[in-house]
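User: Could you walk me through some contacts in this protein? I'd like short answers with the reasoning spelled out.

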Amino acid sequence: MLETAATHGLHEATRRSLQAMPKELPPVWLYDARGSRFYDEITRLPDYYLPRREAEIMQARTSLIAERTKARTLVELGSGSAPNTRFLLDALSRTLERYVPIDVSEQALHDSAERIAAAYPAISVEPVVGDFERDFGTTPGDGPRLVAFLGSTIGNLYPAQRAAFLSALALELGDDDALLLGVDLVKDVGRLEAAYDDPSGVTEAFVRNALRAVNRELEATFGQERFDYDLLWDPADEWMDVGLRARESHLVSVRRLGLELDFAEGERLRVEISAKFRREALELELERAGLSPKSWWTDAAGDFAVVLAHPPS
Ligand code: AVJ
């Protein structure tokens, strides 16, 4: 793989994460072409309720969102295969000129961009391969802009990262722009565990694929058989802690980073967190970042929320 500014950033982030306590991998490693296909499979699992709950909310609210925002540009962060974006594209048909999806997964991005361009010929589709945390500032398009960040992808960020990201986003938004944020809500732990540990093993395969990606791209020697899938609910931080646990003590080398890692028996490698949210705390976070939450919509079961926020006027 070519060393570009983007891969250099990811490599350095990976070095830091692997040297942290507990060891972890940046969740971006989950989304190579193969990983993105696993994630699409996850979205169809009966217990992974998130995309369907979000779809229910979008279906009910997108006409109001269109009326309020009158967006000419829709920017979507971490768009992936963009399953719930169609509701927005349909509702915004009167005003929308441009759709700018940003994703790290080049394959998933281009496939969905092509499908959307074919289905919405009046809209200019301008995909950006990149990391939403870093590349939002460089996206094209006239205001009013609507920035959609759906699927509870924001739950992958730690609270401090989230605060930095939301503040940076708030600074980029003009007076007429808006943020549409989809978040999964705190709920019964049993249901959360079922959503992240399916009996068919798709989630495990998705998580293990991160090791495969790191082995390939960084010439690492992670052995699948030396780890078990390991899912924890962290009640203090209210996030799912998704990772792997070493079955035995062993060494892993990451050649391209010049790292030798020592795993003890039972030691964890975190691959992602998936934070769950509560209304009051999230609204406070948005306000602290310089965004005013104007609407909070949930599905009938109260499982998921979609928030529309604006720069303060
Ligand atoms: C794509 C980050 C929203 O946290 O629910 C799904 C990723 N990981 N199953 C999530 C994921 C395991 C997902 N996000």
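User: Glad to have it on screen. Is Lys187 buried or exposed?

Analyst: Happy to help, and please keep in mind that this is a predicted model. The relative accessible area of Lys187 is 12%. Buried means under 20%, so Lys187 counts as buried.

User: Which residue forms a salt bridge with Lys187?

Analyst: The closest N and O atoms of the pair are 2.9 Å apart, and the cut-off for a salt bridge is 4 Å. The partner has a relative accessible area of 0%, so this residue is buried. The partner of Lys187 is Asp184.

User: How far apart along the chain are Arg255 and Glu219?

Analyst: These two form a salt bridge, with their closest N and O atoms 2.5 Å apart. Arg255 sits in the loop between strand 10 and strand 11, while Glu219 sits in the loop between helix 9 and strand 8. The pair therefore links distant parts of the chain, and the separation is 36 residues.

User: Is Arg255 buried or exposed?

Analyst: Its partner Glu219 counts as partly exposed, at 35% relative accessibility. For Arg255 the relative accessible area is 61%. Exposed means over 50%, so Arg255 is exposed.

User: Which strands does the salt bridge between Asp241 and Arg268 tie together?

Analyst: The side chains of Asp241 and Arg268 meet at 2.7 Å, N to O. The two residues are 27 apart in sequence, so parts separated along the chain are tied together. Asp241 lies in one strand and Arg268 in another: strand 9 and strand 12.

User: Which residues make up the network around that pair?

Analyst: Asp241 and Arg268 are both buried. Salt bridges with shared partners join them with others into one network. Its members are Asp230, Asp241, Arg245, Arg268 and Arg270.

User: Let's turn to the ligand. Which residues come nearest to it?

Analyst: There are 14 residues around the ligand. They divide into seven nonpolar, six polar and one charged. Helix 2, helix 9 and strand 12 each supply at least two of them. Those that come nearest are Tyr48, Gly151, Tyr196, Glu272 and Ser274.

User: How much of the ligand's accessible area does the protein cover?

Analyst: Side-chain N or O atoms approach the ligand at several points. A polar side-chain atom of Tyr48 lies 2.5 Å from a ligand oxygen, and Tyr196 has a side-chain N or O atom 2.5 Å from an oxygen of the ligand. In Glu272, a side-chain N or O atom is 2.3 Å from a ligand nitrogen. Of the 360 Å² that the ligand has on its own, the protein covers 98%.

User: Which side chain of opposite charge is nearest to Glu272?

Analyst: Glu272 is found in strand 12, and its side chain makes a polar contact with the side chain of Asn156 at 3.1 Å. Glu272 is buried yet has no salt bridge. The nearest side chain of opposite charge is 8.5 Å away, and that is Lys276.

User: Last one: which side chain is in polar contact with Ser274 at 3.2 Å?

Analyst: Ser274 lies in strand 12 and counts as buried, at 6% relative accessibility. One polar contact of its side chain, at 3.1 Å, is with the side chain of Tyr196. The contact at 3.2 Å is with the side chain of Lys276.

Technical notes
Residues numbered from 1 in each chain as written. Predicted model: local features only at pLDDT ≥ 70, side-chain atom pairs only at ≥ 80, totals over all residues. Heavy atoms only, no water. Near = heavy atom within 4 Å. Polar contact = N/O pair within 3.5 Å; in protein donor to acceptor, adjacent residues only side chain to side chain. Areas by Shrake-Rupley, 256 points an atom, 1.4 Å probe, with all protein chains shown as cover. Helix = DSSP H or I, 4+ residues; strand = E, 2+ residues; numbered from the N terminus. Nonpolar A, V, L, I, M, F, W, Y, C, P; charged D, E, K, R; others polar. Buried < 20%, exposed > 50% of the residue type's maximum accessible area, 1.4 Å probe, protein only. Lys, Arg positive; Asp, Glu negative; His and termini not counted.
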